[in-house]
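User: Please take a close look at the enclosed cavities in this structure. I would also like to know about the surfaces around them.

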Amino acid sequence: MKTLVLVEHENGDLKDATLSAVTAAASLGEVHLLVAGDAGAAAVAEAAARIAGVGKVHLAEDASLAHQLAENVAPLAVSLMEGHDAFVAPATTTGKNIAPRVAALLDVMQISDVIAIEGEDTFVRPIYAGNAIATVKSSDAKKVLTVRATAFDKAPREGGSGTVERVSGAGDQGLSSFVGAEIAASERPELTSAKIIVSGGRALGSAEQFHQYIDPLADKLGAAVGASRAAVDAGYAPNDYQVGQTGKIVAPELYVAVGISGAIQHLAGMKDSKLIVAINKDEDAPIFQVADIGLVGDLFKLVPELTEKL
Amino acid sequence: MKLLVPVKRVIDYNVKPRVKADGTGVDLANVKMSMNPFDEIAVEEAIRLKEKGVATEIVVVSIGPAKAQETLRTALAMGADRAILVQTDDNVEPLAVAKILTKIAAEEQPGMVILGKQAIDDDSNQTGQMLAALLGWAQGTFASKVEVEGEAVSVTREVDGGLETVRLKLPAIVTTDLRLNEPRYASLPNIMKAKSKPLATKSPADYGVDIAPRLTTLQVREPSKREAGVKVGSVDELIDRLRTVGVIG
């Protein structure tokens, strides 16, 4: 099988989620990549060609592809699918936006958020917020998948010797345009690829206290900061901190849940973490059912103590 | 403009799903069902657009069993004007749902279709994008803000790094994220009134759409259980354990 992997990139940087998608695609067969973007895309394509295991890199450089608008990227991907058997995108907001559009244009059912590949037509994916795991077999001639980054190892960034080939896009479809973005600035590691995550919940009580208690602990651990939906809805933390079914899916080596009760929607986003530590004053909180190490008590006392002693 | 809002009847989000012992699926017998939470947000947004004078009529659609009527009545009670039930007991995949909706959109000529970003049962996150593809319309997925400006709609989207705003030519597809709005509760008088609002019942065959599934579910199993953890009595003990495991230096 020949697979076409959508490369996720931003400001000339190739995102880690792509590396996981390459690993998933490699288990299906020959891996080709698609880099769509404007002027900065050539550098991304060069970097993409060095990823271990990559064959051809299709580079489409056009102003209409600058922000990877689904309306302009999907026809381009579809045109390349004549020579490919599967389309694989990372299950990021970009991948989730583009892949179903590609699937419908190809008249195939997409398999979303794949966590394991059992054969070239058999895939494993979580359903019901991760409370059930389904194995599905696709009867479509071409496969379209989005893959969960945390379920596949990252392909090494170096070691490959792919060739870059320029392709032309379908041009601007005239349906949509990019207006602007507000990207949350952070010096900390990115949430979805961080080795350690410290997450805060509603019990933090306010945005000030969230930063006052969670940030120093995260910095001490070199961790990314996450939040439960309750904390985000209450305005304690920005939207893109949200871990859960409707936010980001993470699987770090260490996940520290502070003042998070552990609703099923939250657990869906973090229960594949290697080690889960919960700090909560309610000893019956559901989070303790998945936590490897639980500490019952007042977070306002325990968190500063933990930060200091680390 | 007319708004089309597809809604889905799903297991209530507060219920913990149980996997059937024979591995064929999730047990839905005698389980509380409700409108998919993202679809409630879609209905609410449509109503707000009508209250602002942007929308003239709200048509809600559901594809599913006879009981999906309840979901449509809920949407009517919230403020939708009329409903279409495409009745089937078969499992309808997002691609087939998108195809049926394409036909309904051709009949109804909506200015915008507002859908939830994903259903909390199959967690696919596909139908809106597929519908946009089949209609050849623009898509504003994961919307946290929607503003109609003449012949275009400006949609602020929740993306991985933060927020992004796109401007879409109308007609367009919008899929809702959690923070778009807070759905209203239907009042008792409105629930009563909703009973007399029009609800048309159709079948997938009426639209000439083949709903045969492309995916076969081979098995549904429980996720692997985490081993029972320990509770520690102090911060020192916690740090000791973290050091022993080696996750901290």
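Analyst: What follows covers the cavities, then the chain interface, then the two domains of chain A.

This is a predicted model. Three cavities of 30 Å³ or more are counted in it. The largest cavity holds about 170 Å³ of space. Its lining has 17 residues, and those closest to its centre are A:Asp113, A:Arg148, A:Gln245, B:Gln118 and B:Asp123. Two elements of chain A, β7 (110-114) and β9 (122-127), each give two or more residues to this lining. By class, the lining of the largest cavity has eight polar, five nonpolar and four charged residues. Domain 1 (2-166) and domain 2 (191-309) of chain A each supply at least three residues to it.

The second largest cavity holds about 100 Å³. From chain A, its lining takes A:Tyr128, A:Ala129, A:Asn131, A:Gln245, A:Ile264 and A:Gln265. From chain B come B:Ile11, B:Asp12, B:Tyr13, B:Val15, B:Pro17 and B:Ile120. Eight of the lining residues of the second largest cavity are nonpolar, three are polar and one is charged. Here too, domain 1 and domain 2 of chain A each give at least three residues. A:Gln245 is among the residues closest to the centre of the largest cavity, and A:Gln245 also lines the second largest.

Now the chain interface. In chain A, 81 residues are in contact with 75 residues of chain B. The two chains bury about 6,600 Å² between them, and carbon and sulfur atoms give 56% of that area. A:Thr93, A:Met109 and A:Tyr128 supply 12% of what chain A buries against chain B, more than any other three residues. A:Tyr128 also lines the second largest cavity. Six salt bridges cross the interface of chain A and chain B. B:Arg179 forms a salt bridge with A:Asp233, with the closest N and O atoms 3.1 Å apart.

Last, the domains. Chain A is divided into domain 1 (2-166) and domain 2 (191-309). Their C-alpha centres lie 31 Å apart. Seven residues of domain 1 and ten residues of domain 2 make the contact. These two domains of chain A bury about 670 Å² between them, 51% of it on carbon and sulfur atoms. On the domain 1 side, A:Ala129, A:Arg148 and A:Thr150 lose the most area, together 65% of what that side buries. A:Arg148 is also among the residues closest to the centre of the largest cavity, while A:Ala129 lines the second largest. Between domain 1 and domain 2 of chain A, zero salt bridges are counted.

Notes
Residues numbered from 1 in each chain as written. Chains lettered and ligands numbered in written order. Predicted model: local features only at pLDDT ≥ 70, side-chain atom pairs only at ≥ 80, totals over all residues. Heavy atoms only, no water. 1 Å grid on protein atoms, 1.4 Å probe; cavity = no way out; pocket = protein on both sides within 12 Å on 5 of 7 lines; lining within 4 Å. Points joined across faces, edges and corners; volume = space filled by probe spheres on them. Helix = DSSP H or I, 4+ residues; strand = E, 2+ residues; numbered from the N terminus. Nonpolar A, V, L, I, M, F, W, Y, C, P; charged D, E, K, R; others polar. Domains from an automatic or database assignment. Contact = heavy atoms within 4.5 Å. Buried area = accessible area lost by both parts, 1.4 Å probe. Salt bridge = Lys/Arg side-chain N within 4 Å of Asp/Glu carboxyl O.
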